[in-house]
Amino acid sequence: MRKTIISIGMLCSFISYAQTKKDSTQQKNINEVVLVGKKPTVETKVDRTVFNVSNSSILAGNTTWEILGMTPLISIDSNDTLKAEGENVTVYINDRKSVFTGKELKEYLKTIPADNLLKIEVITNPSARYESAGSVINIVLKKLENEGVKGSLSVSNSQSRKNSQYSNFNLNYHKKNFTQTFSGGYNNSTFLNKRNKENFIYSTKSLTDIKTEDYSQNSSPSISSTSELELDSKNNLGLIFEYYQYNYNSNSVANGENYLDNVFNNSYTQNQYSNGNNKNIGSNLFYKYYDKVKNKILDVNMGINYYGVNNDNEIIEPTISGTKISGENQNREYYLKADYTQPFEKSGINLEFGGKIDFKNNIIPSEYFNLENNSWKRDNNKSNRFQYIENLNSAYVNVSKTFFKKLETRIGLRYEYIDFKVKQDVGNIEKNNSYGTWLPDVLLKYSFTENFNLSTFYNRNIWRPYYAEFNPFLMPNTDKTYSQGNMDLQPNPSNRLGLKFGFYKKYFISTSYWFSNQDYWDSFYEIDGKTVSIPTNFNGSVKKYNINFNTNQTFFKNKMNVNFSLMYSYTDNSDFNTKNKITNAKNYFSNIGGSTNFSYTNLFNKNINVNAWVGIYNQNNGNSYANKAMVYHSISATKIFSKLQLEASVRLNNIFMNPNYDNTTFSEIGKFRNSSTWDNRGITLSIVKRFGNQKVKENSKTNVEKDSGGSK
């Protein structure tokens with residue numbers, strides 16, 4: 001870490017000196033580098049932080065997933081779960097909720113090239129309009145508006161311990177009132193990761209030490225299409241179609257040693273071979289009415305999404321036994337959504353209301369086989385079929401008004417009613433549940449002067465289990481442990497309130513208080529001699545206190561941009577641990593994290609952009625505590641050939657320290673340490689070729705939304 005900071009500091013000093021000298025001696029070039037009206041790389045608003053990535057030099061050669069890891073306030077844990085200010089998030093793309101979470105979301109976002117990105121909005125206080133159980137990450141893609149054909153083609157090669165290639169294209173056609181966009185790509189990657197687990201059971205004083213090495217090869221073809229027709233100056237009609245496929249083939253070797261009371265007992269080796277593919281087909285037919293004079297907006301969306309998984313997992317213990325699990329998941333979603341915005345000029349009130357009807361039908365069949373006489377034989381007792389059916393209906397209203405030209409207010413109320421059914425064939429088990437939930441939110445902002453403002457908020461959230469977390473099928477993992485869902489999982493309600501203080505439009509300090517009387521986390525259990533991880537509801541209060549600091553600075557006529565964010569959180573788990581008899585765990589713990597992003601545009605007036613980024617995260621969460629902080633960093637340089645519309649870049653990834661995840665999870669039966677080293681250390685070379693006029697069209701948002709980040 002020290003080497004990273006020193007290197008970046010030397011780089012900043014050198015660039016500052018060299019550029020100052022260059023500017024002072026070549027005044028004739030000043031008109032070529034002054035950027036008029038350019039947005040800052042990071043904007044902080046009352047309810048969100050906006051990362052204008054199109055203004056930075058980190059896009060070349062990256063995917064959307066990688067850019068999210070560099071976004072202020074966002075962190076990614078070892079399970080590929082996105083978090084904002086340490087809390088769970090819901091991901092939107094162009095204000096449309098993504099159907100994916102976890103590893104599925106990661107693989108999908110890796111197919112979207114960063115070159116498509118316009119900005120990333122981290123909405124820490126979303127309005128009632130959003131279908132969210134916490135913060136929202138809204139990924140906004142570029143929309144080109146000039147007449148004719150334009151686009152880009154990018155190719156990248158990344159070398160870590162293994163080699164990976166990425167290629168993507170964007171094609172945009174605009175003629176009068178019609179716009180057609182195509183984008184797609186093909187990624188071929190190879191990774192080698194190492195993991196270590198230590199499972200200690202209190203009752204038997206037994207320790208299992210497992211070392212695992214994973215080798216995986218993945219390929220991801222994808223294509224998307226957006227067609228939009230402007231019927232007139234106020235009415236638009238469009239269709240979005242998306243397809244992506246993720247193919248994978250992996251081999252894992254786990255070597256385990258068992259100890260009883262610190263005395264070696266035995267050892268074993270387990271091999272797992274996995275292959276399969278994930279397919280996603282998404283559609284969205286939309287109609288939008290937008291009166292730019294009166295700021296009236298009607299947005300109607302309907303669509304069908306399909307997500308399917310085919311996979312085979314073979315688990316072999318040499319000379320002992322073998323198992324094979326095959327699955328063919330099919331997930332379907334049908335939805336209709338409408339949103340309306342109406343400002344009332346005389347009263348100064350802005351009214352929003354809308355609703356959504358959503359149906360989901362998810363089927364997970366799992367075929368279990370045993371290895372007998374070198375052939376696979378189906379085990380009818382363990383094979384199972386799981387189904388999850390859901391109908392979620394919601395309605396909301398937001399009212400915004402500014403008083404005395406200083407006090408901005410927003411009051412929102414959302415109601416959600418869910419009816420769902422889970423069932424499995426084995427045991428003929430079927431469970432139905434339904435409930436309604438009121439979710440209020442309040443936002444107030446007072447501007448003392450142009451340079452000083454204070455805002456406060458309150459919102460109530462509900463985090464519902466993901467459908468796969470209900471699946472009770474016992475799934476063996478690569479390290480001879482198991483994971484299983486829980487059909488009795490209940491949702492987790494929570495409350496959050498906070499303050500944000502902004503001064504001189506560059507410095508922002510925010511604090512928040514989050515509390516819940518119930519939560520659900522993954523915990524470990526002993527079942528028939530197996531160590532099984534199961535998501536479980538726990539009663540007991542959890543209280544979290546957060547404070548965040550963020551600043552964005554520009555120097556040398558806006559050519560140098562530096563963003564710095566720092567987060568500290570304190571969690572009180574004392575009541576939770578007592579009620580759930582979790583011993584040896586921490587009743588009180590802290591999280592410290594932060595990131596800094598440095599970018600310089602047009603270095604030496606040679607159309608060279610440089611960027612350096614460092615992120616540090618100490619992820620204590622629930623009943624899991626970090627043994628060491630995770631550190632990410634990258635340094636990149638991009639050369640722009642303006643006449644050729646060509647960009648060439650080189651990026652050094654984690655060259656001083658390879659990211660390492662290391663935490664310990666406590667449960668009633670024992671403690672479980674998990675550490676892993678990811679294959680993220682290396683170099684990436686990228687070339688981007690553009691053609692046509694690349695002018696980007698701004699999103700259509702009302703004045704209330706633009707000024708205060710109010711609702712969308």
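# A tour of the predicted model

Start by selecting D291 and K234, whose side chains form a salt bridge with N and O 3.5 Å apart; a salt bridge here is a side-chain nitrogen of Lys or Arg within 4 Å of a carboxyl oxygen of Asp or Glu. The two residues connect distant parts of the chain, 57 residues apart: D291 is in strand β14 (residues 263-291), and K234 is in the loop between β12 (206-230) and β13 (235-260). Helices (H or I, at least four residues) and strands (E, at least two) are DSSP runs numbered from the N terminus. D291 is buried at 6% relative accessible area, while K234 is partly exposed at 33%. Buried means under 20% relative accessible area, exposed over 50%, and partly exposed in between, with a 1.4 Å probe and protein chains only.

This is a predicted model, in which local features need pLDDT of at least 70 and side-chain atom pairs count only at pLDDT 80 or more, while totals for chains, interfaces and linings use all residues. Residues are numbered from 1 along each chain as its sequence is written, and side-chain values use heavy atoms, with hydrogens and water left out.

**Colour by confidence**

pLDDT is the predictor's confidence in each residue, from 0 to 100. Its mean over the protein is 83, and 89% of the residues reach 70 or more. Residues 1-37 have pLDDT below 50, and this stretch makes 39 contacts in the model beyond near neighbours in sequence; contact means heavy atoms within 4.5 Å. Residues 700-712 also stay under 50, with 47 contacts beyond four places in sequence. Where pLDDT is low, the predicted coordinates should not be read in detail.

**More salt bridges**

The count of salt bridges comes to 23. Select R48 and E121, whose closest N and O atoms are 3.4 Å apart in a salt bridge. R48 is in strand β2 (residues 48-51) and E121 in strand β7 (residues 117-123), so this pair ties together parts 73 residues apart in sequence. R48 is buried, at 2% relative accessible area, and E121 is buried at 3%.

Next, select R414 and E416, which form a salt bridge at 2.8 Å, N to O. Both R414 and E416 are buried. Then add D47, R48, K119, E121, R410 and D441, which salt bridges with shared partners join into one network.

From R414 and E416, move to T437 in strand β21 (residues 429-447). T437 is buried, at 10% relative accessibility. Leaving aside neighbours within four places in sequence, T437 is in contact with R414, Y415, E416, I462 and R464. The C-alpha atoms of T437 and R460 are 10.0 Å apart, with the two positions 23 residues apart in sequence numbering.

**The nonpolar cores**

A nonpolar core is a set of buried Ala, Val, Leu, Ile, Met, Phe, Trp, Tyr and Cys residues joined through side-chain atoms within 4.5 Å. The largest has 47 residues, and those with the most contacts inside it are L82, L109, L117, I137 and I139. Show the surroundings of L117: beyond four places in sequence, this residue is in contact with V53, S54, L59, T64, I67, I139, V140, L141 and K142. A second, separate core has ten residues, including W521, F576, A585 and F666.

**Rings**

The whole structure has 30 aromatic pairs. Rings of Phe, Tyr and Trp (its six-membered ring) pair if their centres lie within 6.5 Å; planes under 30 degrees apart count as stacked, over 60 as edge-to-face and the rest as tilted. Select F420 and F470, a tilted pair at 5.7 Å centre to centre with 40 degrees between the planes. F420 is in strand β20 (residues 407-424) and F470 in the loop between β22 (452-463) and β23 (475-476), so the pair ties together parts 50 residues apart in sequence. Both rings belong to buried residues. Adding Y388, Y466 and Y467 to F420 and F470 shows a cluster linked by ring pairs.

Y446 and F448 form an edge-to-face pair, 5.0 Å centre to centre and 70 degrees between the planes. Y446 is partly exposed at 31%, as is F448 at 43%.

**Last stop**

Finish at V650 in strand β33 (residues 646-653). V650 is partly exposed, with 31% relative accessible area. Beyond four places in sequence, V650 touches I635, S636, A637, I683, T684 and L685. V650 and A637 are 13 residues apart in sequence and 5.6 Å apart from C-alpha to C-alpha.
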